[in-house]
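Thanks, everyone. Let me put the model up, and then we will go through the contacts.

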2 protein chains.
Amino acid sequence: MATRAAPVPELERDHPCFDCAVRELAVCGVLEPAVLRDFKKSGPIAHYAAGETVVFEADAAANVYSLTGGLLRLSKLLPDGRRQIAGFLFPGDFLGITLEEEHAFTAEAVAPSTLCRFPRRQFDAFVAANPALERRLYAVAAHELAAARQQLVLLGRKTATERVASFMLILAGRCHPIVEDQDISFPMSRADIADYLGLRIETVSREISALKAARVIQLTGRQSFRVADLGRLEQLAEG
Amino acid sequence: MATRAAPVPELERDHPCFDCAVRELAVCGVLEPAVLRDFKKSGPIAHYAAGETVVFEADAAANVYSLTGGLLRLSKLLPDGRRQIAGFLFPGDFLGITLEEEHAFTAEAVAPSTLCRFPRRQFDAFVAANPALERRLYAVAAHELAAARQQLVLLGRKTATERVASFMLILAGRCHPIVEDQDISFPMSRADIADYLGLRIETVSREISALKAARVIQLTGRQSFRVADLGRLEQLAEG
DNA sequence: CGACGGATTGAAGCACCTCAACGGGAGTGG
DNA sequence: CCACTCCCGTTGAGGTGCTTCAATCCGTCG
């Protein structure tokens, strides 16, 4: 869900970010090599297994993160256990858009994930010293805001069929261009999908089965599919 | 929904922003008087009657706005007429958090409203020249993002009773501190509330009646109420 | 193989929606 | 001042889309 970055100069082979797969995608993409090297010094790499928690809701927001690999979910629990997933973070996405003292959402690894971790204080200093980074962060926040508001429409007004179709489109939309019959894999479980779409897993399952039966999509595995009829899928997603 | 600003030096009486009621609340609050005067020159005041549209979804984002009085709603329509309100803008709030070329949501005046309008190009130049403004915009975006995600929980997982109770708390939360038996007025119609909460008007009406019958709130008019039992209201809102 | 967790499918229930009637305040005109 | 209308909100009765509960399937792993 990160926006595309301006190309940065080539890095030297010994640069700590040399083999980062998402360098240009991530917020760091706007930094000059020298600055980037300096920046990276403050940020060790952290690994999380599937299911592990990166930050707890209401934890002190001591660090910010840049996701370089894997998949995270941002979620919130109600007292009785109901869960809502506010969004997924893909490689290149930034975790820590807040000026509050504590995180508002729990971030957990859906699949094994790799993150660059930066102490917030140092990160804030870096931001203050690098206007380009500040602008980039604003762009990321604005983009996430638009995505969250779009999700409000889905949760507030769409039917189960429309929600699941929209979800498929969101997944497909991560590939550019969106083409039919291209294999798309998603690491999240039916439970995650349900909690993201405000449905129950049984409903998600039924709707996926219906899309498959209608030959709009094709299941190529439990966590992968192909779009068989893009036009129809878009139609279903918008009501 | 705006965050509190640092106090600014006193303005001269002839300053165009001298009698702005939300100066310190709005994004302009971080600007020095001289800069502010310069800034304001680029921004004429616009008035909108209740029901009028400030920006249409998919319109070119040629301007940004600062709301100085009234109330706006941000909404999106599905092809068949279903509507979702993504949020309300109160005085001091900023309209135009996006780097896209077009607006993603329609903004309409719920009540007669007054806005400062700035051409986006000039505004962007101002932002680039004023790091404090840039930081402030980021803070606003981060805050709106948190609010939108909180709303996702409401729309995805809360019952009708919980939604309406939460809405009452949001309204009450705009007064600091939240005290019982203080009159709170809201200019939006039941239809607006319903489209904000992802419910139908009838359901909103029934739930409000139920809260009233349970003596949790007290209706003091069609568009005003008092919190009679804050603890109970909070309990109902959280499930 | 048997056990386990995740996914699917079926049948019944319920929360909210839909449709419909009614109520009440604001504005208008006699 | 009242009669009328209009709009918004409220209330009631019946319908439905998603949930709930339950059984089964299937791939994985010991």
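**Strand C, strand D and the rings**

Start with B:Thr203: one of its polar side-chain atoms lies 2.4 Å from a phosphate oxygen of DNA strand C. I call that a polar contact, meaning a pair of N or O atoms within 3.5 Å; within protein, one must be able to donate a hydrogen and the other to accept it, and residues adjacent in sequence count only if both atoms are side-chain atoms.

Ground rules. This is a predicted model: local features need pLDDT of at least 70, side-chain atom pairs count only at pLDDT 80 or more, and totals for chains, interfaces and linings use all residues. Residues are numbered from 1 along each chain as its sequence is written, chains are lettered from A and ligands numbered from 1 in the order in which they are written, and side-chain values use heavy atoms, with hydrogens and water left out.

Stay with strand C. B:Ala160 uses a polar backbone atom, 2.7 Å from a phosphate oxygen of DNA strand C. B:Arg206 goes to a base: a polar side-chain atom lies 3.0 Å from a base oxygen of that strand. In total, 15 residues are around DNA strand C, where near means a heavy atom within 4 Å. Sugar or phosphate holds 67% of the strand C atoms within 4 Å of the protein, and bases hold the rest. Which element gives the most to this surface? Helix 6 of chain A, with four residues. Helices here are DSSP runs (H or I, at least four residues), numbered from the N terminus.

Now strand D. It has 16 residues around it, with A:Ala160 and A:Arg200 among the closest. Sugar and phosphate make up 66% of its atoms that come within 4 Å of the protein. A:Thr203 puts a polar side-chain atom 2.4 Å from a phosphate oxygen of DNA strand D. For B:Ser209, the corresponding distance to a phosphate oxygen of strand D is 2.5 Å. A:Glu202 has a side-chain N or O atom 3.2 Å from a base nitrogen of strand D. Here helix 6 of chain B gives the largest share of the surface, four residues.

Last, the rings. The charged end of A:Lys76 sits over the ring of A:Phe105, 4.7 Å from its centre. In chain B, B:Lys76 sits over B:Phe105 at 4.8 Å. The test is NZ of Lys or CZ of Arg within 6 Å of the ring centre and within 35 degrees of the ring normal.

Terms used:
Helix = DSSP H or I, 4+ residues; strand = E, 2+ residues; numbered from the N terminus.
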